[in-house]
Amino acid sequence: MFKKLAIFVFLGTLLSCGGESVDSAAIMKEEVSYMEDFKKNHQELNVILPSTTQIIEIFKRAGLKFSETSCAPLEHRNFVSTFGKSIAFGAYSADLAYCLINEEKAFAKMYFNKVYGLSGDLGLDGLFNNEDLQNQFNALEGDDAETIEALLELQKQTDIYLYNEELEERNLIFFTGARIEGMYLASTSSELKDKKLLTRRVIEQKTVLMILAHELQAREDQNPEIKDISDDLQKLKEKLSKTDFLYEDVSSGEVRLEISDVDLEQIRLEIGRIRSKIFR
Amino acid sequence: MMSRRIIKILCLSVLILSFHSQNFAQEKCNLKTSIAESIKLIPDFTYSGSKTYRPETVNSSIEIIAFLFEGVESSIVFLKEFEDAIFEVNIYDKPANDVTKNILFSTDDIAFSGKELIFKSGKRRGLIYVNIVYKGLKYDSKSASCMSMVIGSKAY
């Protein structure tokens with residue numbers, strides 16, 4: 001199993017290094033084979049995924065600018081199932097982080113209220129009864145460092161609350177929602193100061209998507225909504241695997257790591273399609 | 001006389017059972033305390049994620065995968081709930097030019113005998129693998145065995 005995993009990581013790293021010729025078809029074949037082997041041997045995967053705050057912060061470093069229209073719709077949506085509410089909770093948490101990191105505090109408050117409301121719908125009222133968390137969000141008028149502290153506190157208290165209530169499996173759904181929304185926000189940003197950095201972040205999605213799709217598939221207990229989103233994420237990962245991230249500058253002959261506008265547009269459309277399922 | 005004895009036995013059973021259940025309850029790590037202690041240990045540590053491990057038998061193990069972003073200095077703090085539990089921790093990655101494990105840290109030679117252990121990953125990217133093996137108790141005590149792994153970064 002580890003040999004296959006090593007091959008996958010090796011190929012992923014090779015792609016991200018740039019300047020080396022890679023055969024996409026061979027990579028796809030290896031990855032499919034890796035996933036089959038992985039599924040056979042790992043019924044349960046223990047993964048620590050990055051926090052929502054980290055995802056948004058890192059995309060911001062790649063030049064992600066704030067765009068109000070990119071954020072999730074705030075008007076009432078009928079999130080019927082627990083899964084629907086959970087994935088929306090994750091997505092709105094990403095919007096909250098996005099607004100706070102970009103110092104859009106008025107929007108942040110609206111998204112905070114949305115997250116707060118959904119936490120009640122999900123029976124997680126206890127999460128916001130926490131004094132530490134309330135104090136952090138009451139101080140949202142503060143400086144940048146304080147807003148980041150508030151986000152980190154939300155992440156921390158959510159993890160502790162779910163752990164104490166033995167609801168940790170929900171974290172996966174929250175994270176999936178946050179990840180989809182984070183990818184959407186990044187893909188719709190029109191001003192990207194560092195395309196190479198953005199390309200690296202896009203490539204990183206492959207590994208995370210692979211882990212997410214596997215974890216969701218393992219839990220198909222057996223909710224069709226989970227299966228649907230898991231299939232979508234798997235397809236997106238395959239799309240990323242087929243994408244050529246190497247750009248050749250015709251005038252200088254230089255080959256560099258850079259996603260083409262056409263590929264970026266296709267990925268953007270695919271992410272938008274998946275994301276629209278959360279807020280339909 | 002007989003019924004008094006039965007009542008005594010019943011009371012004693014209830015006491016024993018409640019003691020047992022208290023002990024069992026202790027086996028769940030206190031994640032809140034672990035996170036707070038991790039932040040105390042590394043002052044500029046910002047919380048990213050966590051996992052707790054409750055081994056059921058000696059020599060049982062767990063493999064945890066952590067995803068690290070490029071350019072972010074990460075640290076992992078391992079905290080035992082009870083100091084006399086012995087754990088072995090191995091951290092490794094898979095470099096691009098090799099398919100074998102690249103051990104980054106291992107307590108094979110020096111047992112993880114204190115209460116906490118800190119691993120600083122530096123600005124590493126991609127996946128790292130954390131293998132934790134429960135080796136039993138140092139003393140023949142009744143302590144439960146539980147360990148928290150708290151991951152954080154210096155990203156902000």
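The lining of the second largest cavity divides into 8 nonpolar residues, 5 polar residues and no charged ones. In this predicted model, that cavity has a volume of about 70 Å³. Its lining is made up of 13 residues. Those nearest the centre are Gln54(A), Ser48(B), Phe67(B), Leu68(B) and Ile151(B). Two elements of chain B, β2 (61–68) and β8 (147–153), each give two or more residues to this lining. The most comes from β8(B), which supplies 3 residues.

The search of the whole structure finds 3 cavities of 30 Å³ or more. The largest encloses about 110 Å³ of space. Helices of chain A contribute to its wall: α8, α9 (195–218), α10 (224–242) and α11 (261–278) each give two or more residues. The largest share belongs to α9(A), with 4 residues. In total, 13 residues line the largest cavity. Met183(A), Ala186(A), Ser187(A), Val202(A) and Ile271(A) lie nearest its centre. By class, the lining holds 10 nonpolar, 2 polar and 1 charged residues.

Helix α8 of chain A spans residues 169–188 and includes Glu181(A). Glu181(A) is buried, because its relative accessible area is 0%, and buried means under 20%. What does this residue touch beyond its neighbours within four places in sequence? Its contacts are Ser70(A), Cys71(A), Ala72(A), Ala91(A), Ala94(A), Asp95(A), Arg275(A) and Phe279(A). With Arg275(A), the side chain of Glu181(A) also forms a polar contact of 2.8 Å. Asp125(A) stands 56 residues away from Glu181(A) along the chain. The C-alpha atoms of Glu181(A) and Asp125(A) are separated by 23 Å.

The loop before α8 of chain A holds a residue with a positive phi. Glu166(A) is placed in this loop, between α7 (144–164) and α8. Its phi is positive, at about 55 degrees, although the residue is not a glycine. Is Glu166(A) buried or exposed? Glu166(A) is exposed, since its relative accessible area is 55% and the cut-off is over 50%. In chain B, Asn59(B) also has a positive phi without being a glycine, with a value near 75 degrees. Asn59(B) sits in the loop between β1 (46–53) and β2 of chain B. The strand that follows this loop, β2, gives two or more residues to the lining of the second largest cavity.

Strand pairing in chain B involves β3 and β6. Strand β3 (residues 74–80) runs antiparallel to β6(B), and 6 bridges join the two. Within this pairing, Leu79(B) has Glu116(B) in β6(B) as its bridge partner. Strand β6 itself covers residues 116–122 of chain B and has two faces. Leu117(B), Phe119(B) and Ser121(B) make up the covered face. On the uncovered face are Glu116(B), Ile118(B), Lys120(B) and Gly122(B). Glu116(B), the bridge partner of Leu79(B), thus belongs to the uncovered face of β6(B).

How values were computed
Residues numbered from 1 in each chain as written. Chains lettered and ligands numbered in written order. Predicted model: local features only at pLDDT ≥ 70, side-chain atom pairs only at ≥ 80, totals over all residues. Heavy atoms only, no water. Buried < 20%, exposed > 50% of the residue type's maximum accessible area, 1.4 Å probe, protein only. Pairing = 2+ DSSP bridges. Contact = heavy atoms within 4.5 Å. Polar contact = N/O pair within 3.5 Å; in protein donor to acceptor, adjacent residues only side chain to side chain. 1 Å grid on protein atoms, 1.4 Å probe; cavity = no way out; pocket = protein on both sides within 12 Å on 5 of 7 lines; lining within 4 Å. Points joined across faces, edges and corners; volume = space filled by probe spheres on them. Nonpolar A, V, L, I, M, F, W, Y, C, P; charged D, E, K, R; others polar.
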